[in-house]
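Q: I'm new to this structure and would like a close look at a single part of it. Could you take me through it slowly, and then show me how it sits in the rest of the chain?

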Amino acid sequence: MEAVLNSREKKAKQIQSLLKVEQVVVSLKANIPGNEKDINEAYILLHIFSGILLNKYPEAKLNVFNSPEGPYCLFTSIGEDPHRLKKVFIEIEETHPLGRFIDFDVHCSDNSLSRSDFGLTNRKCLICEKEAWVCIKERTHNPADLTMIVKDNVHYYVKQVLEEVLVKSFLLELDLEPKFGLVTKSSNGSHQDMNYDIMKSSVFTIVPYLIDMYEVGYSVADVSIAFEKVRSMGKQAEKAMLKNTNGINTYKGAIFLLGVILTSLGALHQSKFSQDLTNIIQKMTSKILNELEGQAKTFGIKAYQEHKFYTARHEVYYGIPSVLEALSFLNRYQNRDQEALMMTLITIISLKNDTVALKRAGSITKYESIVDLISSIKTFDIDQISQVTNICVKENMSFGGSADILIAAIFLDLIVDHLA
Ligand SMILES: [Zn+2]
């Protein structure tokens, strides 16, 4: 108890001292009832809502602190009128699906603004209809039950967001066209056995498996054990995909790459954001290059053994450098329109690490000459892209591995503000 009081005092002093130079300081903390305050979900909540605040006020400066009462953020340099700010925050608290689990407080040099200043009542208890403070005072509920409500709601929300964002990432890639022999809405590209509907249906088959992999990352403490577990889940996802497509491999590479990313994201959330996503990926896959030795079971392994080709295993082992390069290229663009996505795809293809395309090409020489042709496209010129695409189709080329990288980059781009 003393520690809690000390930490509250410390926070109040921090705010007071900031207010000597700042007009407004905003504090954000998770509203976690029960005794256990420093839970993973508090960090996820803080991440989601500081993301929302920084989106609204990009100039704001964010400082994150830990305390026995759980983590909290202090924002300065927001440049907005305190009353307006409080209104914005009340709106978020009242309308966001997780709004009742956070507290935004606006501190100014003369006072702090409270909900009652805006005609709002105190917050309701999470279990009954009484005001929260009444139940706290009377100890009406089991603290563990209250904590569980927060955990369940945060978890449910995160999984929903991940599902939405995953589907969106796959579809943004799929809807891009023309696309160098890949399947699009109006063309099967170089694929006699695939079409848009088969691809789309595969997406909905595999996304639930990817969400399950996030769960494993979130709940299994040891990342190498988590990795073993998700790899067998990956096999199940492949099986379900093949069953759904009557034996056509639509997204095997994406299951692997996004599976690793989702598992690591779960582990990131489990670690209270104390590590980097890429560090977790590297840690999780630190032994994966051993699989490249011995008998070559897949084309990727063969390509490595014969040509020292960079494979999907290297991509995760080195902490997804191609995905990050694609992401930083994508970030040069304001919008996520056809131009941004197409030029990013071209950049990815230019990296020359697509074993799926190499397999189709049949030789390094042919593969490289087609890649060089695509890399020569320097501006978003749809005629040129169509011409090169026609050549790819004529040569029976396609760039499935690069498409997977693009999907992963779009996914990270879409979640980075809120969950990573
Ligand atoms: Zn109650």
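Does His191 count as buried or exposed, judging by its C-beta neighbours inside 10 Å, and why?

A: Happy to, and one thing up front: this is a predicted model. His191 counts as buried, because it has 20 C-beta neighbours inside 10 Å, and a residue needs 20 or more to be called buried.

Let's place it. His191 belongs to the loop between α5 and α6. Helix α5 covers 143-174, and α6 covers 196-219. If you skip the neighbours within four places in sequence, His191 is in contact with Val183 and Ser398. You can also compare two kinds of distance here: Gly181 is 10 residues from His191 in sequence, and their C-alpha atoms are 7.5 Å apart in space.

That loop has another feature to look for. Pro178 is found in the loop between α5 and α6 too, and the peptide bond leading into it from Glu177 is cis, with omega near -10°.

Now follow the chain out of the loop and into α6. This helix packs with helix α7 (residues 223-245), their axes coming within 9 Å and crossing at roughly 165°. An angle over 145 degrees counts as roughly antiparallel, so that is what α6 is to α7. Their crossing is right-handed. On the α6 side, the residues making the contact include Ile198, Thr205, Tyr209 and Val216, while those from α7 include Ala226, Val230, Met233 and Ala240. By class, the contact has 11 nonpolar, seven polar and two charged residues.

There's a second helix pair to set beside that one. Helix α13 (residues 338-350) and helix α17 (residues 400-415) have axes 9 Å apart and pack at an angle of about 130°. That angle makes α13 oblique to α17. This crossing is right-handed. From α13 the contact takes Thr344, Leu345, Ile348 and Ile349, and from α17 it takes Ser402, Ile405, Leu406 and Ala409. Sorted by class, that's six nonpolar, two polar and no charged residues.

If you go the other way along the chain, to the far end of α5, you get to Arg139. This residue is found in the loop between α4 (132-138) and α5. Arg139 isn't a glycine, yet it has a positive phi of about 50°. It is exposed, because there are just 8 other C-beta atoms within 10 Å and 12 or fewer is the mark for exposed.

Ile320 makes a handy companion to Arg139. It too has a positive phi, about 45°, although it is not a glycine. You'll find Ile320 in the loop between α11 (312-317) and α12 (321-330). With 25 C-beta neighbours inside 10 Å, though, Ile320 counts as buried.

For one more loop, try Pro68, which lies between β2 (61-65) and β3 (72-76). Pro68 counts as partly exposed, because it has 14 C-beta neighbours inside 10 Å. Leaving out the neighbours within four places in sequence, Pro68 is in contact with Ala3, Val4 and Ser7. Asn40 is 28 residues from Pro68 along the chain, and their C-alpha atoms are separated by 13 Å.

Time to step back to the whole chain. It has 17 helices and five strands, and its C-alpha trace spans about 70 × 45 × 35 Å along the principal axes. Of its 420 residues, 40% are buried, and His191 counts as one of the buried residues. Contacts across long stretches of sequence show up here as well: among contacts between residues at least 6 apart in sequence, 68% join residues at least 24 apart.

Finally, the domains. The assignment gives domain 1 as 2-141 and domain 2 as 156-415. Their centres, taken over C-alpha atoms, are 39 Å apart. Where the two touch, six residues of domain 1 are in contact with six residues of domain 2. The domain 1 side of that meeting has four nonpolar, two polar and no charged residues.

So, back to your residue: His191 is buried because of its 20 C-beta neighbours inside 10 Å, and its contacts are with Val183 and Ser398 once the neighbours within four places in sequence are left aside.

Key. Residues are numbered from 1 along each chain as its sequence is written. This is a predicted model: local features need pLDDT of at least 70, side-chain atom pairs count only at pLDDT 80 or more; totals for chains, interfaces and linings use all residues. Axes are lines fitted to C-alpha atoms, for helices over the stretch in contact, and angles run from 0 to 180 degrees between N-to-C directions. Helices (H or I, at least four residues) and strands (E, at least two) are DSSP runs, numbered from the N terminus. Angles under 35 degrees count as roughly parallel, over 145 as roughly antiparallel, 65 to 115 as roughly perpendicular and the rest as oblique. A crossing is left-handed if the near helix is turned anticlockwise from the far one by less than a right angle, and right-handed if clockwise. Two residues are in contact if their C-beta atoms, placed from the backbone, lie within 7 Å. Ala, Val, Leu, Ile, Met, Phe, Trp, Tyr, Cys and Pro count as nonpolar, Asp, Glu, Lys and Arg as charged, and the others, Gly among them, as polar. Domain bounds come from an automatic or database domain assignment.
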